[in-house]
Amino acid sequence: ASRFYAKPLAELTTLQGREILQSTVDLAQGLGFEVVYGDTDSIMINTNSNNLQEVMTVGTTVKKEVNKKYRLLEIEIDGVYKSMLLLKKKKYAALKVEHGVDGQITTVMEQKGLDIVRRDWSLIAKAQGNRALDLILSGRPAEDVVEDIHESLRRCRAELVAGAVTMDQFVITKQLTKRPEDYPDAANQAHVQVALRLRAAGKHEGTNQGETVPYVSAVKTDASGEDIAAGKCGAAGGKGLADRAYHPDEVTAEGPGLKLDLPYYLSQQVHPVVSRLCQPI
């Protein structure tokens with residue numbers, strides 16, 4: 001609809017971007033460096049060195065050679081990673097090397113596109129995911145890392161069974177993109193079901209478009225820690241998450257009538273997050 005509409009120009013722009021990126025990859029490889037990742041306007045090079053000065057020298061060399069080719073385009077050294085877990089395009093975690101105020105070299109975790117940065121995962125799942133990431137990027141032997149992750153998961157399960165995890169760790173949040181009554185598939189949307197119940201009870205917070213709804217998965221059964229210990233992960237009776245979603249206050253108010261759906265948190269929250277991170281190892 002734009003009076004400047006010209007699809008060939010748009011295609012030319014993206015084509016040029018791809019060609020520039022590919023030629024940058026080819027140039028780096030021609031200099032003898034291994035390109036491990038590239039996306040839109042960047043490339044990552046494995047320097048095969050643990051010496052920061054050597055790494056910066058490699059970066060400077062590549063930067064100079066690339067920038068020689070262009071007058072209006074520059075590549076810069078964006079950062080140095082000590083170790084990296086690359087899952088797929090736009091999904092990775094890495095330890096970024098930084099210089100502290102006292103001149104000491106430190107590392108900070110950088111995450112892109114991973115499950116644990118999204119809001120629709122509970123704090124307990126995120127905590128286990130971050131623990132697994134710390135171990136994977138620690139540089140220790142894979143066998144030791146895997147055993148420590150298994151131990152962390154066993155401890156998580158034991159704490160759930162013992163009731164040692166606070167309610168806030170189970171909360172999942174999701175934003176209402178429209179009014180609750182305007183969802184055509186409201187019956188299948190956990191946060192919408194909770195919002196509709198809140199509205200029916202005369203509550204206003206978390207019931208309007210744009211607001212965030214907190215909820216937990218719970219079951220009206222005698223499901224308890226013993227069920228999990230016995231490996232019964234079907235305590236929810238086959239119902240979908242929308243049928244088991246409750247506001248945290250509802251679970252607290254119900255007392256023994258509602259129990260947190262612990263098998264759901266183990267099998268559908270903690271396990272998927274950790275297993276995806278562990279796939280490469």
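Which residue takes a positive phi in the hairpin of E3 and E4? Some notes on that and a few other spots.

1. Ground rules. This is a predicted model, so read it with these filters: local features need pLDDT of at least 70, side-chain atom pairs count only at pLDDT 80 or more, and totals for chains, interfaces and linings use all residues. Residues are numbered from 1 along each chain as its sequence is written, and side-chain values use heavy atoms, with hydrogens and water left out.

2. The first hairpin. To answer the opener, Lys90 has the positive phi, near 65°, in a hairpin with 2 residues between E3 and E4. Strands here are DSSP E runs of at least two residues, helices are H or I runs of at least four, and both are numbered from the N terminus. Two strands pair if DSSP finds at least two bridges between them; E3 and E4 run antiparallel and are joined by 6. Leu86 has Tyr92 in E4 as its bridge partner.

3. The second hairpin. E4 and E5 have 5 residues between them, and Gly103 in that turn shows a positive phi of about 85°. Strand E4 covers residues 91-99 and is held to E5 by 8 bridges, again antiparallel. Along this pairing, Leu95 sits opposite Met109 in E5, while His99 has Ile105 as its bridge partner.

4. The sheet as a whole. Put the two hairpins together and you get an open sheet of 3 strands, antiparallel, in the order E3-E4-E5. E3 (81-88) and E5 (105-112) are the edges; each has a single partner strand, so one side of each lacks a neighbour in the sheet. The twist averages 20° from one strand to the next, with axes taken as lines fitted to C-alpha atoms (for helices over the stretch in contact) and angles running from 0 to 180 degrees between N-to-C directions.

5. Aromatics on the sheet. The structure holds 4 aromatic pairs. The rule covers rings of Phe, Tyr and Trp (its six-membered ring) with centres within 6.5 Å; planes under 30 degrees apart are stacked, over 60 edge-to-face and the rest tilted. One of the pairs is Tyr81 with Tyr92: the ring centres are 6.5 Å apart and the planes at 55°, so it goes down as tilted. Tyr81 is in strand E3 and Tyr92 in strand E4, so the pair ties together parts 11 residues apart in sequence. Tyr37 joins Tyr81 and Tyr92 in one aromatic cluster.

6. Burial of that pair. Buried means under 20% relative accessible area, exposed over 50% and partly exposed in between, using a 1.4 Å probe and protein chains only. Tyr81 counts as partly exposed at 23%, whereas Tyr92 counts as buried at 8%.

7. A long-distance pair. Phe170 and Tyr265 meet edge-to-face, 4.9 Å centre to centre with 75° between the planes. Phe170 is in the loop between helix H4 (142-161) and strand E6 (172-175), and Tyr265 is in helix H9 (residues 262-278), 95 residues apart. Both residues are buried.

8. A charge over a ring. Lys178 lies over the face of Tyr183, 5.2 Å from the ring centre. The criterion is NZ of Lys or CZ of Arg within 6 Å of the ring centre and within 35 degrees of the ring normal.

9. Cysteines. If you were looking for disulfides (cysteine sulfur atoms within 2.5 Å), the count is 0. For Cys278, the closest cysteine sulfur belongs to Cys156, 13 Å away and too far for a bond. Cys278 is buried at 19% relative accessible area, and Cys156 is buried too, at 2% relative accessibility.
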